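Please read the following walk through a protein structure with the model open beside the text. The path goes from the sheets to an aromatic pair, then to a pocket and a single loop residue.

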Amino acid sequence: MEIRIPKLGMEMTEATLAKWLVDDGAHVGQDQPMYLLETDKVETEVGAPIAGVLHHIGDEGATYPVGEVIGELD
């Protein structure tokens, strides 16, 4: 399953992947926080939609458009 930058607000077009909260290759449980996302208005933890092994694609500190793939869950 692809992990994409979610749209958290009506006018949101991009966000910064502030920090991965789970190591690359680690198992995550459903709803477990995976990463910290920052926008100009909010900082939020984003949880796993399903349980699986997380693989990082996106880099911490980089800004991505809404919908960009930043990780995968196997």
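The model is a predicted one. A convenient place to start is the pairing of strand S4, residues 33-38, with S5: the two run antiparallel and are joined over five bridges. Within this pairing, Leu 36 has Glu 45 of S5 as its bridge partner. Both strands belong to an open sheet of four strands, ordered S5-S4-S2-S7 and paired in the antiparallel sense. At its edges stand strand S5 (43-47) and strand S7 (63-65), each of which pairs on one side only. From one strand to the next, the twist of this sheet averages 40°.

Another open sheet of four strands has the order S1-S8-S6-S3, and its pairing is again antiparallel. Here the edge strands are strand S1 (2-4) and strand S3 (27-28), each with pairing on one side only. S8 can be followed through its two pairings. With S1, S8 shares three bridges, and the two strands run antiparallel; Ile 3 stands opposite Gly 71 of S8. With strand S6 (residues 52-56), strand S8 (residues 69-73) also pairs in the antiparallel sense over three bridges. In that pairing, His 55 stands opposite Glu 72 of S8, while the bridge partner of Leu 54 in S8 is Leu 73.

How far is S8 enclosed by the rest of the structure? S8 is largely enclosed, because four of its five residues are buried.

The side chains come next, beginning with aromatic rings. A pair of aromatic rings is described by the distance of the centres and the angle of the planes. Searching the whole structure gives one aromatic pair. It is made by Trp 20 and Tyr 35, whose ring centres lie 5.6 Å apart with the planes at 65°; the pair is therefore edge-to-face, since planes over 60 degrees apart are classed that way. Trp 20 lies in strand S2 and Tyr 35 in strand S4, so the pair ties together parts 15 residues apart in sequence. Are these two residues buried or exposed? Trp 20 has 7% relative accessibility and so counts as buried. Tyr 35, at 0% relative accessibility, counts as buried too. The cut-off behind both assignments is that buried means under 20% relative accessible area.

From the rings, attention can shift to empty space. Rolling a probe the size of a water molecule over the atoms shows where such space is left. The largest pocket holds about 270 Å³ of space. It is lined by 15 residues, and those closest to its centre are Glu 11, Met 12, Thr 39, Asp 40 and Lys 41. Which element gives the largest share of this lining? Strand S2 (residues 14-20) does, with three residues. By class, the lining divides into five nonpolar, five polar and five charged residues.

The last stop is a backbone detail. Asp 31 has a positive phi of about 75°, although it is not a glycine. Where does Asp 31 sit? Its place is in the loop between S3 and S4. Asp 31 has 59% relative accessibility and therefore counts as exposed, the cut-off for that class being over 50%.

Technical notes. Residues numbered from 1 in each chain as written. Predicted model: local features only at pLDDT ≥ 70, side-chain atom pairs only at ≥ 80, totals over all residues. Heavy atoms only, no water. Pairing = 2+ DSSP bridges. Axes fitted to C-alpha atoms, helices over the stretch in contact; angles between N-to-C directions. 1 Å grid on protein atoms, 1.4 Å probe; cavity = no way out; pocket = protein on both sides within 12 Å on 5 of 7 lines; lining within 4 Å. Points joined across faces, edges and corners; volume = space filled by probe spheres on them. Nonpolar A, V, L, I, M, F, W, Y, C, P; charged D, E, K, R; others polar. Buried < 20%, exposed > 50% of the residue type's maximum accessible area, 1.4 Å probe, protein only. Phe/Tyr/Trp six-rings, centres within 6.5 Å; stacked < 30°, edge-to-face > 60°.
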